[in-house]
Amino acid sequence: MEHFSPIHDTIAQRAAEAPDAVAVEDDITSLTYRQLVDRTDDLAAELIRRGVRRNDVVAVHMQRSCALVVALLAVSRAGAGSLMLDVDGPRRWLSRFIEVAGPVALITHEDKPALSTEVAVIAVRPDARSAGPAQCAPGCPSQPPVDDAGPVRFPRIGQEDLACLVQTSGSTGEPKLVLVPHRTWSYAAQTQQRLHGITAQDHGAWLFPAHTNVSVSVVIWPFLAAGARLSIPAPKIVAAPEELAVWIRERGVTQFFAVAPLAEAMARLEWPRSALRLMLTGSDRVREWGRYDLPFEVGNWYGANEVNIVTSSVIPWDKRVTSATATEADRSGPPPIGRIWPGVTWRVVDPATDEPVSPGAIGELLVGGEQIAIGYVSARRTAEKFLPDPQASTPGARLYRTGDLVRVRPDGLLEHRGRIDEQVKINGVRVEMADVERALLACPGVREAAAAAVDTASGRQQLVGYVVTDRAVTDGVLRAALVELLPAAMVPAAFIRLLRLPRNRGDKLDRLALPHPDTVVPSPATGATAVVEAVFAELLKVESVAPGDNFLLLGGDSMLAARAARELSRRLGQSVSAKEVLLHPTPVELAGRLNGG
């Protein structure tokens, strides 16, 4: 690495250079760089007084906000690693990660947190200031330790010290946590500043879910480490592309990252010229290039929690392949994922032999370098996926087996060609079929279960659950059980009942034989069901939608769900949320939910 400096030290240096410049702002508060560093130090000192030590784990369960930025920086300043928890995740799901990680403290917005822990709890108000004396769970010392030598001493941070733990779906159905070192954070910030041209004059937007590595490594730290301004819109604005576009123009945002479905919706809008110059997308299958006449450029990149960013279509800048520079030949296929990111070592190999594939052939991408993670909490899983690099000159160098299939074009651009396992991305969330199947088997009445991703009319994939039951179980009952066990993106959009699961000659599940869900054509609907049908048909641009037709399988996505929720709220005279549309995607089921069913 050119120069290692922990991210909190780099941001403190920016505060020394421009203390009164705005660092981060949300819909209720704004912090200058001086205020950000002062509040970070206050909270970090509180953590240390309460016993947090270097390389401990501190759980952070907070919504996207200025307060969350303070919390993450404070944990880093105290020498610990942040266990980044999904604020919308089911409590039972999150408790599994807490059990595995063993945090010594929890930082949250809630005065009385719903998460069950046996550690000290520190409540932080949404305006980024401490809520007062931290609460203590049973067994926590009544008087926190005090440093007799005077002010609290902050530890010196090394490159390999733990920065954060990122939750991801596990192939065995068990929780999996990626251990991300400070090296990754620092290198990602330095590299993105150089390659994306992020300077103190830039203005970024934070739109991605708060608990992801993308939020810190790709969004927050690159802008704040450059002394730039970072703005955070309210969740309801992020869910509405038209409102978000207005917000971006009014705030003077110059560049931002958005998950593919949101980026594609934004690129379809009419845009007057503004300060915006670059929109980056990824974390899902990217299908659309964006119009060449947009007043900003749309670029694509690829990465994983285990290795951060691996490729980008905007490097080198003079050879970038974006919405503005793509040729007709480029546009004849989907956007490539770009060229290899600086500092990344890589191979494209035959998955069966690990031997290099011939030029232009499809193979599995193995990557290593400056941004590779420490591994997983599980040593066994680390050994399975992080391999010694026999060609490296640096002792101990490793390669991560991504499981992604790629092809390298003659011009050096990489094309993504799918997965070698049963892992998919749904709305940017990495999903392992084993995780979904394990939860299905925990549902009442389910004897056997399988999960698969199917292509929909929109070109995106959606999850389908296949169940063999020992009694009648409705879709509503299945979803109600699953939302207590899984994040929303991992709950199947549709369910298929089978007498038995298809199996091959080896008595293993034959996924290719799982049927594609068929639409149901029942009798005409009335009341709320008819209203839902009409709204779905208008948004999906189809002639009609039947009561049992599935919004997601017909081409709906999270962006259209937000629009459907607003229109249904207006027509029905009651509040309807996008989450309700996504979790109850057929007209008859959603109407039943809205009618109190």
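**Exercise 1. The surroundings of Ser 215**

Leaving aside neighbours within four places in sequence, find which residues Ser 215 is in contact with, then place Ser 215 in its helix and on its sheet.

*Solution.* Start with the contacts: beyond its close sequence neighbours, Ser 215 meets Trp 206, Phe 208, Pro 209, Ala 210 and Ile 220. Keep in mind as you go that this is a predicted model.

Next, look at the polar side of this residue. The side chain of Ser 215 reaches the backbone oxygen of Phe 208 at 3.4 Å. That falls inside the 3.5 Å limit for a polar contact.

Now check accessibility. Ser 215 has a relative accessible area of 0%, so it counts as buried.

Then find the element: Ser 215 belongs to helix α6, which spans residues 213-225.

To see where this helix sits, trace the open sheet of nine strands, ordered β2-β1-β10-β9-β11-β12-β13-β14-β15 and mixed in its pairing. Its edges are β2 (30-32) and β15 (339-340), each of which pairs on one side only. Helix α6 packs on this sheet, where it touches β1 (22-25), β9 (203-205), β10 (229-231), β11 (255-259), β13 and β14 (308-312). The direction of α6 makes about 140° with that of β10.

Finally, return to Phe 208: ring pairs link Phe 208, Phe 257 and Trp 301 into a cluster.

**Exercise 2. One strand pair in the nine-strand sheet**

Work out how many bridges join strand β12 to strand β13, and in which sense the two run.

*Solution.* Take residues 278-282 for β12 and residues 297-304 for β13. Four bridges join these strands, and they run parallel. For a landmark within the pair, pick Leu 280, which stands opposite Gly 299 in β13.

**Exercise 3. From Leu 72 across the sequence**

Determine how far apart Leu 72 and Val 216 are in sequence and in space.

*Solution.* First locate Leu 72: helix α3, residues 66-77, contains this residue. Along the chain, Leu 72 and Val 216 are 144 residues apart, yet their C-alpha atoms are 8.9 Å apart.

Now list the contacts of Leu 72, not counting residues up to four places away in sequence: Val 60, Ser 82, Met 84, Val 216, Ile 220 and Trp 221. With 1% relative accessibility, Leu 72 is buried.

**Exercise 4. Ala 163 and the seven-strand sheet**

Find the strand that holds Ala 163, and decide whether this residue is buried or exposed.

*Solution.* Ala 163 lies in strand β7. Its relative accessibility is 1%, which means it is buried.

Step out to the sheet. Seven strands make up an open sheet of mixed pairing, in the order β6-β5-β3-β4-β7-β8-β18. The edge strands, β6 (120-123) and β18 (375-376), each pair on one side only.

Follow β7 (residues 162-168) to β8 (residues 176-181): these strands pair in the antiparallel sense over six bridges. In this pair, Leu 165 stands opposite Leu 179 in β8. Helix α5 (residues 182-195) lies across both β7 and β8, at about 65° to β8.

Back at Ala 163, the contacts beyond four places in sequence are Ala 80, Gly 81, Ser 82, Val 180, Pro 181, His 182 and Trp 185. One further separation is worth checking: Ser 76 is 87 residues from Ala 163 along the chain, and their C-alpha atoms are separated by 6.3 Å.

**Exercise 5. Aromatic pairs around Phe 386**

Search the whole structure for aromatic pairs: how many are there? Then describe the geometry of the pair formed by Tyr 376 and Phe 386.

*Solution.* The search finds eight aromatic pairs. Tyr 376 and Phe 386 make an edge-to-face pair, with 5.6 Å centre to centre and 75° between the planes. Tyr 376 is in strand β18 and Phe 386 in strand β19 (residues 386-388), ten residues apart.

Both partners can be classed by accessibility. Tyr 376, at 4%, counts as buried, and Phe 386, at 5%, does too.

Phe 386 also pairs with Tyr 400; this pair is tilted, at 5.2 Å centre to centre and 40° between the planes. Because Phe 386 lies in β19 and Tyr 400 in β20 (residues 398-408), the pair ties together parts that are 14 residues apart in sequence.

**Exercise 6. Cysteines**

Establish how many disulfides the structure holds, and whether Cys 66 is buried or exposed.

*Solution.* The structure holds zero disulfides. Cys 66 has 0% relative accessibility and is therefore buried. Cys 164 is likewise buried, at 0%.

Methods
Residues are numbered from 1 along each chain as its sequence is written. This is a predicted model: local features need pLDDT of at least 70, side-chain atom pairs count only at pLDDT 80 or more; totals for chains, interfaces and linings use all residues. Side-chain values use heavy atoms; hydrogens and water are left out. Two strands pair if DSSP finds at least two bridges between them. Contact means heavy atoms within 4.5 Å. Axes are lines fitted to C-alpha atoms, for helices over the stretch in contact, and angles run from 0 to 180 degrees between N-to-C directions. Buried means under 20% relative accessible area, exposed over 50%, partly exposed in between (1.4 Å probe, protein chains only). A polar contact is a pair of N or O atoms within 3.5 Å; within protein, one must be able to donate a hydrogen and the other to accept it, and residues adjacent in sequence count only if both atoms are side-chain atoms. A disulfide is a pair of cysteine sulfur atoms within 2.5 Å. Rings of Phe, Tyr and Trp (its six-membered ring) pair if their centres lie within 6.5 Å; planes under 30 degrees apart count as stacked, over 60 as edge-to-face and the rest as tilted.
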